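Thanks, everyone. Please pull up the model on your screens, and I'll walk you through it.

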Amino acid sequence: MADPDPLSPLRSARKVLAAVEAAEGVGLLEAVAGGPVPAEQLADSFDLRPEPLHALLRVLRWHGVLDDTGAGWQLSEVYRELLTGPPGGNARALLRIERWAAQDHLNADGVTAALRGRRLPTEIPDAELPALADAMLTGARASAPHLARLPELRDRTSLADVAGGSGGYSLTLCRMFRGLTATVYDRAPMLEHAARAVKEAELGDRVRLVPWDLHRDPLAGPGAAHDAALLSHVLHLLDRRERVRLLTDTGRLLPAGGLLLVHDFLYEEPPAGSVLAASAVDWLALGAAYHPDRRALAAELADAGFTLRRTVPLPALGTTVAVATRD
């Protein structure tokens, strides 16, 4: 029977995520990823009280995260695909980053600060940087194939991956387009993780890494160095002045007609209750100074010397891609 309480999905979402994050935090998800493990063994291995552990395991089974095989507990098939694999190939790092952000600024305090014209600090601690790098690789593996379907990208040969993090978009797109090379611009500590990913992918001859700090350095480069640029999940971190500055700097890397892809949150009115609608909380809590709709984005792009050609919602990812060209 359906739950008649309309608030139930809102209350349960936070509680279920807390249970998953707790299981990941104490190491349970990794422990049961390889096959069934008895609850008693889990309690002994992680020094956990048996009664609340059994309750947690049952909660995770009810929500499809775990299976009880009779011989022990293991990840369900769906979550085994999501939460296992090498760094950059699983979603555990995404859970860690979501947990840190929810405790730090993507919460009610962050939304309240934004409503009052302030922004909570969002600088990630050094201790969380490896998890962020892995999370970015994982996220890019899910997102980049959607970008690769854009016909505007197919004949491009040189991509500027601005604030490209651990290089996930550049690596995935270079694998999909044999004629493409890429340059990742980001902070030196993040590029250490990108360098390892590039080496593992054996793409060192096609993916270049350039140290660059979003808040301190101009985005310098020879004129028309690239024929395409990507800004993924960076504009919502900035106020309007900073966004236009970054867009203008990015334009200096492109020739007239050069392609710009802006992959970020919400540029269209989303369906009620959709993933895209839920993602709006991120830009709101981050203190975005404007409602990032298509008209506002088009105006900022125009101020930076670009023309917005179209927007492509990606509802499954909770994001949108804006396609623009340099004037």
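Let's start with Asp-249. This residue is buried, because its relative accessible area is 8%, and the cut-off for buried is under 20%. Keep in mind throughout that this is a predicted model.

Which partners does Asp-249 have? One is Arg-245, in a salt bridge whose closest N and O atoms are 3.9 Å apart. Both residues sit in helix α11, four residues apart, or about one turn of the helix. The other end of that pair has a different label: Arg-245 is partly exposed, at 27% relative accessibility. Asp-249 also meets the side chain of Arg-252 in a salt bridge, at 2.3 Å from N to O. Arg-252 is partly exposed too, with a relative accessible area of 49%.

Stay with charges. In general, side chains of opposite charge can pair when their charged atoms come close. How many salt bridges does a search of the whole structure find? Eight.

One of these joins Arg-240 and Glu-300, at 3.8 Å from N to O. Arg-240 lies in helix α11, residues 240-251, and Glu-300 in helix α13, residues 294-303, so the pair ties together parts that are 60 residues apart in sequence. Is Glu-300 buried or exposed? Buried, with a relative accessible area of 1%. Arg-240 is partly exposed, at 37%. There is a network here as well: salt bridges link Arg-240, Arg-243, Glu-300 and Asp-303.

Now a contrasting case, Asp-186. You will find Asp-186 in strand β4, residues 181-186. Asp-186 is buried, yet has no salt bridge. Why none? The nearest side chain of opposite charge, Arg-187, is 4.5 Å away, and a salt bridge needs the nitrogen within 4 Å of a carboxyl oxygen, so that pair does not count.

What does the Asp-186 side chain reach instead? The backbone nitrogen of Gly-165, at 2.6 Å. Beyond four places in sequence, Asp-186 touches Ala-163, Gly-164, Gly-165, Leu-191, Val-210, Pro-211 and Trp-212.

Next, Ser-76, another polar residue. Ser-76 lies in the loop between β2, residues 73-75, and α5, residues 77-83. Ser-76 counts as buried because its relative accessible area is 6%. A polar atom of the Ser-76 side chain lies 2.6 Å from the backbone oxygen of Gly-64. Leaving aside neighbours within four places in sequence, the contacts of Ser-76 are Gly-64, Val-65, Leu-66 and Asp-67.

Leu-66 comes up again with Val-32. Val-32 is found in the loop between α2, residues 28-31, and α3, residues 39-46. At 2% relative accessibility, Val-32 is buried. Outside the four-place window, Val-32 is in contact with Val-37, Leu-42, Leu-66, Trp-73, Gln-74 and Leu-75. Take Trp-73 from that list. Val-32 and Trp-73 are 41 residues apart along the chain, but their C-alpha atoms are separated by 6.4 Å.

On to the nonpolar cores. In soluble globular proteins, nonpolar side chains tend to be buried together. Here, the largest nonpolar core has 31 residues. Which residues have the most contacts inside that core? Leu-153, Leu-159, Leu-171, Leu-173, Val-207, Leu-261 and Val-321. Several elements each supply at least two of the core residues. The helices are α8 (129-148), α9 (168-176) and α10 (188-201). The strands are β4, β6 (228-232), β7 (259-264), β8 (306-314) and β9 (319-326). So β4 appears here, and β4 is also where Asp-186 is found.

Zoom in on Leu-173. Not counting residues up to four places away, Leu-173 touches Ala-144, Ala-148, Leu-153, Leu-159 and Leu-180. There is also a second, separate core, with 26 residues. Among them are Val-162, Leu-214, Val-234 and Leu-254.

Finally, zoom out to the whole chain. The protein chain has 13 helices and nine strands. Of its 327 residues, 49% count as buried. The chain exposes about 16,400 Å², and carbon and sulfur atoms supply 55% of that area. What about sequence separation? Among contacts between residues at least 6 apart in sequence, 66% join residues at least 24 apart.

That's the tour. Over to you for questions.

Methods:
Residues numbered from 1 in each chain as written. Predicted model: local features only at pLDDT ≥ 70, side-chain atom pairs only at ≥ 80, totals over all residues. Heavy atoms only, no water. Buried < 20%, exposed > 50% of the residue type's maximum accessible area, 1.4 Å probe, protein only. Lys, Arg positive; Asp, Glu negative; His and termini not counted. Polar contact = N/O pair within 3.5 Å; in protein donor to acceptor, adjacent residues only side chain to side chain. Contact = heavy atoms within 4.5 Å. Core = buried A, V, L, I, M, F, W, Y, C linked by side-chain atoms within 4.5 Å. Areas by Shrake-Rupley, 256 points an atom, 1.4 Å probe, with all protein chains shown as cover.
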